[in-house]
Amino acid sequence: MSLEKINNPLNARHWIGHMETDYRYTLGVAGERFLKEIKENARIMGAKCPKCSVVFVPPRLYCEKCFTKLEEWVDVGKRGEIYTYTITTIDVDGKKLEKPQIYALIKFEGAHGGLIHRIGETEKVYIGMKVEAVFKPPNERKASINDIAYFKPAER
Amino acid sequence: MFGKKRVAIVGAGVTLFRRNLKETGKELAYHAAKMALEQAGMELHDIQSVVVGSAPDAFDGVHMKGEYLADGAGAYHKPYMRVFVGGATGVFAPLAGWWHVASGKFDTCLVVCEEKMSSCYPHPQYAFTTIFDPILERPIGMNLIWIFALEMNRYMHKHNIKKEDIALVSVKNKRNALDNPIAQLAANITVEDVLNSEIMAWPVQRLDVSPTSDGAAAVVLVSEDVAKEVTDNPVWIDGVGWCIDSTHWTNRDLYYPDYVEYAARMAYKMAGIKNPPKEIDVAEPYDPFDYKELHHMEGLLLCKKGEAPKLTREGVTQRDGDLPVCPSGGLLGVGNPISAAGLMKVCEIFWQLRGEAGKRQVPGDPRTGVAQAWGDLMQYSSVIVLRR
Ligand SMILES: [Zn+2]
């Protein structure tokens with residue numbers, strides 16, 4: 001650890017007027033690998049606990065049930081099922097949205113958990129509906145959950 | 001007996017609940033604490049320890065809110081702590097007070113809960129944006145109303161529940177609140193009013209939701225020895241329970257709050273309650289949304305899964321029904337200054353069991369009541385069982 005030593009107080013880092021505070025978050029070890037898989041391979045991965053035989057989506061570093069470190073990762077596919085949904089009509093500030101937006105919790109077969117995301121290319125939505133991820137083109141992906149543009153109704 | 005000492009509530013107080021009160025958070029805490037002490041017939045110097053409950057610092061806009069509220073809560077030069085478990089704080093704070101006294105360490109503990117949500121401008125909803133996972137959820141644009149919409153939709157889907165039946169909770173609680181002098185949103189409304197109110201995030205509509213509020217509540221806890229000295233009417237804390245579910249809300253069964261059940265079972269076991277619907281005379285489950293009262297009745301084992309809407313429709317949960325639920329008017333009618341709303345429910349059960357609830361008094365000489373609060377990201381539950 002090093003400390004910044006300042007002899008001239010004028011050299012101290014300072015702000016005049018309004019000071020903005022924001023945060024920068026790390027993706028985490030499991031999070032980085034998860035988002036890299038989405039960015040580079042357009043794959044949605046889960047992490048499997050060998051003890052509990054549970055595949056967690058999104059993947060994590062450890063199993064919350066038994067504290068085993070999770071090292072086995074599996075591709076859960078880009079297709080899932082709508083577990084529940086909402087159609088929002090107002091934004092965080094309470095302002096009316098131009099167009100209602102569907103958000104859903106999507107669960108993947110054989111996996112525990114799921115992803116929350118937008119539903120696109122449809123106005124019809126129901127619980128149990130099969131959907132699939134629509135990825136942004138590779139050059140637009142930034143290792144963000146928004147590299148998945150949205151989920152659309154899955155073709156049969 | 002659990003703990004070294006049996007613990008009683010001997011005084012309670014609540015301030016007005018309003019969208020925007022002139023008083024600061026400290027001043028609100030002071031008023032509630034003073035009322036509770038007056039009802040207990042005690043002075044501040046009789047208090048040996050203080051617990052404060054308050055929800056996110058972001059509402060008041062004062063970081064280290066516990067330290068900020070200390071003087072208003074009567075904690076000057078006393079052993080003091082703040083507890084915080086999100087929306088479940090209001091019932092968790094008296095649990096923390098319980099272990100102060102049950103441990104034998106203190107004979108008296110003043111428990112104060114405060115929230116001043118109006119400081120957060122333009123709307124406290126904004127303070128909730130940072131409660132979501134910064135990597136996976138915030139980039140999608142999460143907001144609190146719609147995660148409840150997701151839960152409500154799953155609950156309705158699982159048991160095939162109609163919105164009409166859920167709306168009955170809002171109608172009942174807002175009507176009950178007409179008899180509560182502190183209430184912010186007391187009203188005589190109809191199911192149609194709820195169904196015709198603005199859609200926020202389907203299936204959540206404006207009148208399904210409790211308001212944001214300023215307010216405070218307080219209770220005085222004492223050991224059995226002190227209780228005998230100060231009152232003929234102690235109300236005993238006979239059961240305490242608390243539990244948290246997975247951090248990952250996407251991994252929960254959203255249709256049923258099993259963490260509420262675990263907390264309830266813990267409290268019932270301690271209180272020796274084997275058949276909750278028969279043995280509990282009055283209940284105050286947490287009702288920030290109308291469907292949550294139903295969800296929580298089921299989690300509290302007051303009925304079977306999916307059965308709460310039926311009991312509501314049949315009038316069982318009305319103030320004069322077999323199992324009065326939220327006779328206070330609940331968060332939907334009285335208001336929702338988060339932690340203060342939870343402790344208000346404990347105060348209500350205290351007054352109901354002492355026969356002091358005035359126009360809100362449930363008939364039948366109730367002896368046992370339960371209050372519950374719910375919080376963090378739809379995952380925490382705190383439960384208290386009171387008996388006279
Ligand atoms: Zn495991």
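How many bridges join strand β2 (residues 49-53) of chain B to β4(B), and do they run parallel or antiparallel? There are five bridges, and the two strands run parallel. Before going further, keep in mind that this is a predicted model.

**A covered strand in chain B**

Let's stay with β4(B), which spans residues 108-116. Nine of its nine residues are buried, so the strand is mostly covered by the rule that buried means under 20% relative accessible area. In a regular strand, side chains alternate between the two faces of the sheet. Here B:Thr108, B:Leu110, B:Val112, B:Glu114 and B:Lys116 point one way, while B:Cys109, B:Val111, B:Cys113 and B:Glu115 point the other way. Both sets are buried, charged names included.

If you want to trace the pairing on screen, start with B:Ser49, which stands opposite B:Cys109 of β4(B). β4(B) also pairs with strand β7 (residues 214-223) of chain B, this time antiparallel and through nine bridges. For that pairing, look at B:Cys113, whose bridge partner in β7(B) is B:Ala217.

**Where the two chains meet**

Now for the contact between the chains. Chain B puts in 33 residues and chain A puts in 35 residues. The size of an interface is often given as the accessible area lost when the parts come together. For chain B and chain A that comes to about 3,000 Å², with 60% of it on carbon and sulfur atoms. On the chain B side, B:Ile135, B:Ile140 and B:Asn251 lose the most area to chain A, and together they make up 21% of what that side buries.

What about charges and polar groups across the contact? Zero salt bridges are counted between chain B and chain A. Polar contacts do turn up there: 16 residue pairs, both partners at pLDDT 80 or more. Both α5 (144-159) and β5 (199-202) of chain B supply at least two residues of the side that touches chain A. The largest share, six residues, comes from α5(B). Sorted by class, that side of chain B has 17 nonpolar, ten polar and six charged residues.

The strand β5(B) also pairs across the chains: two bridges join it to strand β4 (residues 79-90) of chain A, and the two run antiparallel. One pair to look for is A:Ile87 with B:Trp202, its bridge partner in β5(B).

**Salt bridges**

Over all chains, the count comes to 28 salt bridges. Here are some from chain B:

| Pair | Closest N to O distance |
|---|---|
| B:Lys5 and B:Asp107 | 3.4 Å |
| B:Asp60 and B:Lys65 | 2.9 Å |
| B:Asp179 and B:Lys359 | 4.0 Å |

B:Asp60 and B:Lys65 are both buried. The salt bridge between B:Asp179 and B:Lys359 links distant parts of the chain, 180 residues apart. B:Asp179 sits in the loop between α6 (163-176) and α7 (191-195), and B:Lys359 in the loop between α14 (338-354) and β10 (368-375). B:Asp179 counts as partly exposed because its relative accessibility is 24%, whereas B:Lys359, at 66%, counts as exposed. Over in chain A, salt bridges with shared partners join A:Lys78, A:Arg79 and A:Glu132 into one network.

Back in chain B, consider the salt bridge of B:Lys5 with B:Asp107. B:Lys5 lies in the segment before β1 (7-14) and B:Asp107 in the loop between α4 (89-102) and β4, so this pair ties together parts that are 102 residues apart in sequence. B:Lys5 counts as partly exposed at 21% relative accessibility, and so does B:Asp107 at 24%.

Technical notes:
Residues are numbered from 1 along each chain as its sequence is written. Chains are lettered from A and ligands numbered from 1 in the order in which they are written. This is a predicted model: local features need pLDDT of at least 70, side-chain atom pairs count only at pLDDT 80 or more; totals for chains, interfaces and linings use all residues. Side-chain values use heavy atoms; hydrogens and water are left out. Contact means heavy atoms within 4.5 Å. Buried area is the accessible area (1.4 Å probe) that two parts lose on being put together, summed over both. A salt bridge is a side-chain nitrogen of Lys or Arg within 4 Å of a carboxyl oxygen of Asp or Glu. A polar contact is a pair of N or O atoms within 3.5 Å; within protein, one must be able to donate a hydrogen and the other to accept it, and residues adjacent in sequence count only if both atoms are side-chain atoms. Helices (H or I, at least four residues) and strands (E, at least two) are DSSP runs, numbered from the N terminus. Ala, Val, Leu, Ile, Met, Phe, Trp, Tyr, Cys and Pro count as nonpolar, Asp, Glu, Lys and Arg as charged, and the others, Gly among them, as polar. Two strands pair if DSSP finds at least two bridges between them. Buried means under 20% relative accessible area, exposed over 50%, partly exposed in between (1.4 Å probe, protein chains only).
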